[in-house]
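Trainee: Could you take me slowly through one part of this structure, starting from a single residue and working inward to what lies around it? I would like to see how the pieces fit together.

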Amino acid sequence: MQDSVDHILRQWRDARPDLDCSAMGVVGRLGRVSSIWRKQIDTAFDQHELSGIEFDILATLRRSQVPLTPTELYQTLMLSSGAMSTRIEKLVQRGFIERIASEDDRRSCKVMLTEPGQQKLDAALQDHLDNMEVMLEALNKDERLQLANLLKKVLLHSR
């Protein structure tokens with residue numbers, strides 16, 4: 001079975017047989033899968049009227065199980081503080097999170113999920129998990145574990 005990356009690798013082999021282009025096979029396929037999966041993930045979030053980053057904010061608050069400061073959120077999600085403030089405000093306006101004023105510092109606050117926010121996240125999370133199962137259906141349990149471990153190794157080396 002051949003994919004589009006095989007065609008590209010064959011062309012490079014013909015054009016430059018002196019080069020080892022095998023890395024292109026891995027990186028190219030990861031890039032293409034990432035692009036396809038991003039669209040599938042966004043479609044699942046769209047059904048719940050959430051952006052990917054809004055889902056990530058709600059999911060971070062849900063799994064943390066405690067209120068977090070905007071700084072803790074943006075550091076976890078790798079966003080700028082300005083982008084986080086904008087997203088938090090939109091989620092507050094939609095009633096999915098609320099701000100809790102700090103007793104020690106008037107300038108500081110924490111944010112937490114509201115009940116509607118938790119319900120929204122839980123529904124979106126289930127659909128997200130179901131969607132990822134479909135995305136990975138070509139792999140059996142052992143192959144998923146192997147791929148996860150290989151990608152983890154690449155990530156740890158990339159830091």
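Mentor: Let us start with Glu-98, which has its place in strand S1, and keep in mind throughout that this is a predicted model. At 36% relative accessibility, Glu-98 counts as partly exposed, because that value lies between the 20% below which a residue is buried and the 50% above which it is exposed. Leaving aside residues up to four places away in sequence, Glu-98 touches Lys-110, Val-111, Met-112 and Thr-114. The C-alpha atoms of Glu-98 and Pro-67 are separated by 9.5 Å, although these two residues are 31 residues apart along the chain.

From here we can turn to helix H3, since strand S1 (97-101) is included in what covers the buried residues of H3, together with H2, H4, H5, S2 and H6. Those buried residues are Gly-52, Ile-53, Glu-54, Phe-55, Ile-57, Leu-58, Ala-59, Thr-60 and Leu-61. The helix itself has 13 residues and reaches 18 Å from its first C-alpha to its last, which is close to the 18 Å expected at 1.5 Å a residue. Just after H3, Gln-65 takes a positive phi of about 65°.

Next comes the nonpolar core, the largest of which has 22 residues, with Ile-57, Leu-58, Leu-61, Leu-73 and Ile-97 making the most contacts inside it. Two or more residues each are given to this core by helix H2 (22-46), helix H3 (52-64), helix H4 (70-77), helix H5 (81-93), strand S2 (109-113) and helix H6 (115-135). The largest share, six residues, comes from H3. Leu-61 shows how such a residue reaches out, for beyond its neighbours up to four places away in sequence it touches Val-66, Leu-68, Leu-73, Ile-97, Val-111, Met-112 and Leu-113.

Finally, look at how H3 meets H4. Two packed helices are described by the angle between their axes and the distance between the axes. For H3 and H4 the angle is about 115° and the axes are 11 Å apart, while their crossing is right-handed. On the H3 side the contact is made by Ile-53, Asp-56, Ile-57, Thr-60, Leu-61 and Arg-63, and these meet Leu-73, Thr-76 and Leu-77 in H4. The residues of this contact divide into five nonpolar, two polar and two charged, so that, as you follow it in the structure, you will find Asp-56 and Arg-63 alongside Ile-53 and Leu-61 on the H3 side.

Technical notes: Residues are numbered from 1 along each chain as its sequence is written. This is a predicted model: local features need pLDDT of at least 70, side-chain atom pairs count only at pLDDT 80 or more; totals for chains, interfaces and linings use all residues. Side-chain values use heavy atoms; hydrogens and water are left out. A nonpolar core is a set of buried Ala, Val, Leu, Ile, Met, Phe, Trp, Tyr and Cys residues joined through side-chain atoms within 4.5 Å. Buried means under 20% relative accessible area, exposed over 50%, partly exposed in between (1.4 Å probe, protein chains only). Helices (H or I, at least four residues) and strands (E, at least two) are DSSP runs, numbered from the N terminus. Contact means heavy atoms within 4.5 Å. Axes are lines fitted to C-alpha atoms, for helices over the stretch in contact, and angles run from 0 to 180 degrees between N-to-C directions. A crossing is left-handed if the near helix is turned anticlockwise from the far one by less than a right angle, and right-handed if clockwise. The expected span of a helix is 1.5 Å times one less than its number of residues.
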